[in-house]
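Trainee: I should like to take a close look at a single part of this protein. Please choose a loop, describe it, and then relate it to its surroundings.

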Amino acid sequence: MANGDPFARMVKMMERQGANLNGYDMSVAKIVSVAPLKIIDKGNLIERNLVCNGLITSDKDAELEAILAKEEYLSKELKQFLKDLYKELRVQKDDQVLVQRVKNSYYICGKVAGQ
């Protein structure tokens, strides 16, 4: 677009104002697949630009059991707590998650409780 075109300048100004005044969208999405990670957000399938740091996307129940069985100095209560924590942090197909959209990236903030 030419700098002298008044319509092009108006469009650029509207884009800048929209970017400044619009916040980041947050919504509840549904996990469609864990490996590879895919979600449905507002009816759209999202397969790329997904960031999921605080949740576990793999299913390693047997591996966790084996690791905890080797730990002889951990109490039963602590082992049970770790198992429960693992289950709460693990996402599976059909789980609902809180998603924040920032430009073209989707950040999975956490799992929605009470499912």
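**A loop and its surroundings**

Mentor: Asn 49 has a relative accessible area of 43%, so it counts as partly exposed, a class that lies between 20% and 50%. Please keep in mind that the model is predicted. Asn 49 sits in the loop that links β3 to β4. Its phi is positive, near 60 degrees, although the residue is not a glycine. As a general rule, most residues other than glycine have a negative phi.

Let us now consider the two strands on either side of this loop. Both belong to an open sheet of six strands, arranged in the order β3-β2-β1-β5-β6-β4 with mixed pairing. β3 (44-46) and β4 (50-51) are the edge strands; each has a single partner strand, so one side of each is without a neighbour in the sheet. In general, strands of a sheet pair through backbone hydrogen bonds, either parallel or antiparallel. For β3, the pairing with β2 (residues 38-41) is antiparallel and comprises three bridges. Within that pairing, Ile 39 has Ile 46 of β3 as its bridge partner.

If you follow the chain back from β2, you reach the loop between β1 (25-33) and β2, where Pro 36 is located. The peptide bond between Ala 35 and Pro 36 is cis, with omega about 0 degrees. Here, too, a general rule offers a contrast, since most peptide bonds are trans.

A second loop, between α3 (76-89) and β5 (96-102), makes a useful comparison with the loop of Asn 49. This second loop holds Arg 90 and also Asp 94. Asp 94 is not a glycine, yet its phi is positive, at about 80 degrees. With a relative accessibility of 45%, Asp 94 is classed as partly exposed. Arg 90, by contrast, is buried, because its relative accessibility is 8%, below the 20% limit for that class. Leaving aside residues up to four places away in sequence, Arg 90 is in contact with Ile 56, Ser 58, Asp 59, Asp 61, Asp 95 and Lys 111.

Finally, the cysteines deserve a brief remark. There are zero disulfides in the structure. Cys 52 takes part in none, and the nearest cysteine sulfur to it, that of Cys 109, lies 9.9 Å away; a disulfide would require the two sulfur atoms to be within 2.5 Å. Cys 109 is partly exposed, having a relative accessible area of 44%.

Technical notes: Residues are numbered from 1 along each chain as its sequence is written. This is a predicted model: local features need pLDDT of at least 70, side-chain atom pairs count only at pLDDT 80 or more; totals for chains, interfaces and linings use all residues. Side-chain values use heavy atoms; hydrogens and water are left out. Buried means under 20% relative accessible area, exposed over 50%, partly exposed in between (1.4 Å probe, protein chains only). Two strands pair if DSSP finds at least two bridges between them. Helices (H or I, at least four residues) and strands (E, at least two) are DSSP runs, numbered from the N terminus. Contact means heavy atoms within 4.5 Å.
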